[in-house]
Amino acid sequence: MRVTLLIAWREYLENVKTKGFWIGVLLVPVIFFMIFQLSTRLATATPTRYYLLIDQTGQYAESVETAIRREHQRRVMQDFMRYLQENRSDTANLAISNEPANQMDQLLDDFGNDEVAALDDWLSNGGLAFALQMARPYLRPDTPDFEEPRQQFIAAVPPPELDITAPAETIVETLRPFLNGEKRLPVGDNNVSLFALILIPAEVNNDIVRPMTAMGGLPTDSGTRGVQYWAGNLTDTRLPNAIQTSINNAIRQQEYMDRNIDVNAVRDVQRTRLPVSRMDPSKVAGDEQVSVADTFRQWAPMGFVYLIFISLMQSVQYLLSNTIEEKSNRIIEVLLASVTPGELMMGKLLGIGATGITTIVAWLASFFAFIQLYQTIETTMIVQILDVLLGSDLIPYFVFYYVCCYTLYAGIFLAIGSLCNTLKEAQSLMMPLMMVMMVPILTMSFIAQDPNGTMARVMSWIPLFTPFTMMNRAAAQPPMIDVVGTTVLLVVSTITVLWLSGRVFRQGILRTGQPPRIVELWRMMRRRTG
Amino acid sequence: MSSTVLSLSNVSKRYGDFTAVNRINLSIPKGSVYGFLGPNGAGKTTTIRMILDIIRPDEGEIEVLGCKSAMQVRDRIGYLPEEKGLYKKMKVWAIIAYFATLKGIHRKDAKQRAFELLERYGLKDFANSTVESLSKGMGQKVQVLSSIAHNPELIILDEPFSGLDPVNQEVLEQLIKDLKDNGQTVIFSTHIMQHAERLCERLLLITQGCKVFDGTVDEARAIIPRRVILECQNDVAALADLDGVLSVCETPVSGDGRIPGTRQWELYVKEHTNPQLILQHCFQHGISLSRFDFTQTSLHDVFVHLVGQQAREHKFR
């Protein structure tokens, strides 16, 4: 045992002392942090887009402009809610609060329940100015001023050479160089590029599709119809979506009026809603309501499966490269004069296992450091979710399946390593096993959605998949037979694999030349000694 | 404690149809320096691996330091394999200390011992270098030191001199002498006969897995009769009748610049024959000698004599 621990300690130090190890370990939280930062920054970093609205009917321009203004106000409101949550003076939990205690909480609560209604209230109450005034008493004294987000879409003035009454084709031809970026539009002192052209032709109303006119199929002619949205950027759909919604709303309002239907009544009807409370029958009476943390808990096993997988991939590299280094450097012979192959194998298994655990601990530590140092409303929520998670029974599952999964695969990979003289040889041998490891990752989301379905249950009984699949199912109370049965099978398989790998390792480690064929491998497993 | 540190009786090892080691018997006394000689592929390394219990013999028994398996006494054995290798990223002192700790030495003592050895054998300045920064020869010295750092009773060195320059070969020879003076038993295999001649008390010569000689260096030399080489213009075949001369044969003249008509003769003589008698006989019979060479048989000659033909056949097979 002493020798095994010595080997394990050397293996561990050799791995954790390398720069590559720490780069690998730190890269994950750095990437995580960058994605987090980028996702919050990117929303505000989008450049201001200039659009040109030409409404030859004169009916829709106002609706479109209102819609774009409304879109901006929605962003102002969202940013303000965030500002409010981050800067309010008391530290009570706001994110998942169910009992609004004051006017500000009411606002936040409304915002959380129905954003459209909240936006209506926001606009009718006077928008940001009113909200700021209302919120001021509740903000911490050191709160910075609220910074209103930049307008993302601004209407441009048509160039002087453009005749806005000309036929649609002429307008498009005149503006094509602007849309292609060949020419720039003067706006104030600057010349800007034109992002989009919204052209509403004079005869657009002829193209309105009504259920009765649409009967028998869509229009037969393939020409451009309806409102024309011209833009080179096909991915930013906010503007075309806002236009489509607003123009259709305007048309529908007109239709209501034409049919003598009370527009306000329609609006009220549209806002009527019945909330759906999601309940969990497995929770204690009175506390069955499904919270964000509960939902997270159901999805968390997938995170653990990933963690096992990533850590295993890292360990596999170390297992193979360290074994092959010893073999190709012929250190193995000196070692084998001092230790038994069994001790050497167990030492490697433990040392590299400890390396894997160090990686996970380092990731978790940097994750905790990140949420401690970088407190925002999202990270506060993560802390609450983590509290729920750490208190749940998922952690023991994770520890158990991690250990079993690592030992099972490490045994196989060590045997492979012992048979190969170069990493290249090892890669071709480990390829089939890598494919096997990919299966639980590919099926992970299906299993999460149907954790006790046939596929999940069948895969749980295949030892190479058991740790991944059972971890994936852990939050869904799998049947007792599955839990006990697969655990017994997994433990027995792990021990058997270690025992067989030990035999292969003993014989393979002094082998030179080509890796063995299957028949030879079978013989090695059956042979007792070297 | 037994005075024999290692004994092999009828030990054989086969790989399929190939017999790597065939019924070898051997007994090595405590405190001796023992040489394993033999051509490439003779079975030296296989024998050493079996002694260390890295591989098991198919037949026969091995007793090391009074135990059936070297694994039981692994802390009392030091081993330097033929193909040398070290962990490239480790520091020189750390690797010596690591192997010593594997052999049961306490971590602190192992470190101290590593520095002691490095200082004694001229590697003190490299103690904190990584192994990959060392030259091949230096790396080999480090490996030798790591095999003796735990003060083993039995030290097995497989080809310890290969790859070392003459100066370091001398350092290693001194190291082996130091070990012997310390009462430790050293077994080493080599191709370089001069080392075996200078260091070994006893030799084992194996070829094609079989033992062809086991004894002292003097016993080895006695295998080939001593030789006198004569160069003259005459026929000296009649010297064969002289007392103490075993045979006389003419051999091709070696070297350039000889007087035309010079003939070279090889006389094999008995172990204790006085060469003066031959010289005297030539003088009395008016044989004018241009060369009289009486040399002691070298181990090299014995080696070539015993295994030369087989080694050549093996090489071209």
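**Salt bridges and the contact between two chains**

Visitor: Is A:Glu11 buried or exposed?
Guide: This is a predicted model. The relative accessible area of A:Glu11 is 1%. The cut-off for buried is under 20%. So A:Glu11 counts as buried.

Visitor: With which side chain does A:Glu11 meet in a salt bridge?
Guide: The partner has a relative accessible area of 0%, so this residue is buried. The N to O distance of the pair is 2.6 Å. The side chain that A:Glu11 meets belongs to A:Lys348.

Visitor: How many residues apart are A:Lys348 and A:Glu11 in that salt bridge?
Guide: The salt bridge joins A:Lys348 and A:Glu11. A:Glu11 lies in helix 1 of chain A, residues 2-16. A:Lys348 lies in helix 13 of chain A, residues 341-373. The pair links distant parts of the chain, 337 residues apart.

Visitor: Which residues are linked with A:Glu11 and A:Lys348 in a network of salt bridges?
Guide: A:Glu11 and A:Lys348 belong to a network of salt bridges. Linked with them are A:Arg10, A:Glu14 and A:Glu326.

Visitor: How many helices are there in chain A?
Guide: Chain A has 530 residues, and 43% of them are buried. Its strands number six. Its helices number 21.

Visitor: What is the area buried between chain B and chain A?
Guide: The contact takes 27 residues from chain B and 24 residues from chain A. Carbon and sulfur atoms give 58% of the buried area. That area is about 2400 Å².

Visitor: Which three residues supply 26% of the area that chain B buries against chain A?
Guide: The area buried between the two chains is about 2400 Å². On the chain B side, no other three residues supply more than this trio. They are B:Arg74, B:Tyr87 and B:Leu102.

Visitor: Which residue of chain A meets B:Arg49 in a salt bridge?
Guide: Between chain B and chain A the count is two salt bridges. In one of them, B:Arg49 comes within 2.8 Å, N to O, of its partner. That partner is A:Glu333.

Visitor: Which element gives the largest share of the side of chain B that touches chain A?
Guide: Eight residue pairs are in polar contact across the interface. On the chain B side, two or more residues come from each of helix 1 (44-51) and helix 2 (92-102). The largest share, four residues, comes from helix 2 of chain B.

Definitions and conventions. Residues are numbered from 1 along each chain as its sequence is written. Chains are lettered from A and ligands numbered from 1 in the order in which they are written. This is a predicted model: local features need pLDDT of at least 70, side-chain atom pairs count only at pLDDT 80 or more; totals for chains, interfaces and linings use all residues. Side-chain values use heavy atoms; hydrogens and water are left out. Contact means heavy atoms within 4.5 Å. Buried area is the accessible area (1.4 Å probe) that two parts lose on being put together, summed over both. A salt bridge is a side-chain nitrogen of Lys or Arg within 4 Å of a carboxyl oxygen of Asp or Glu. A polar contact is a pair of N or O atoms within 3.5 Å; within protein, one must be able to donate a hydrogen and the other to accept it, and residues adjacent in sequence count only if both atoms are side-chain atoms. Buried means under 20% relative accessible area, exposed over 50%, partly exposed in between (1.4 Å probe, protein chains only).
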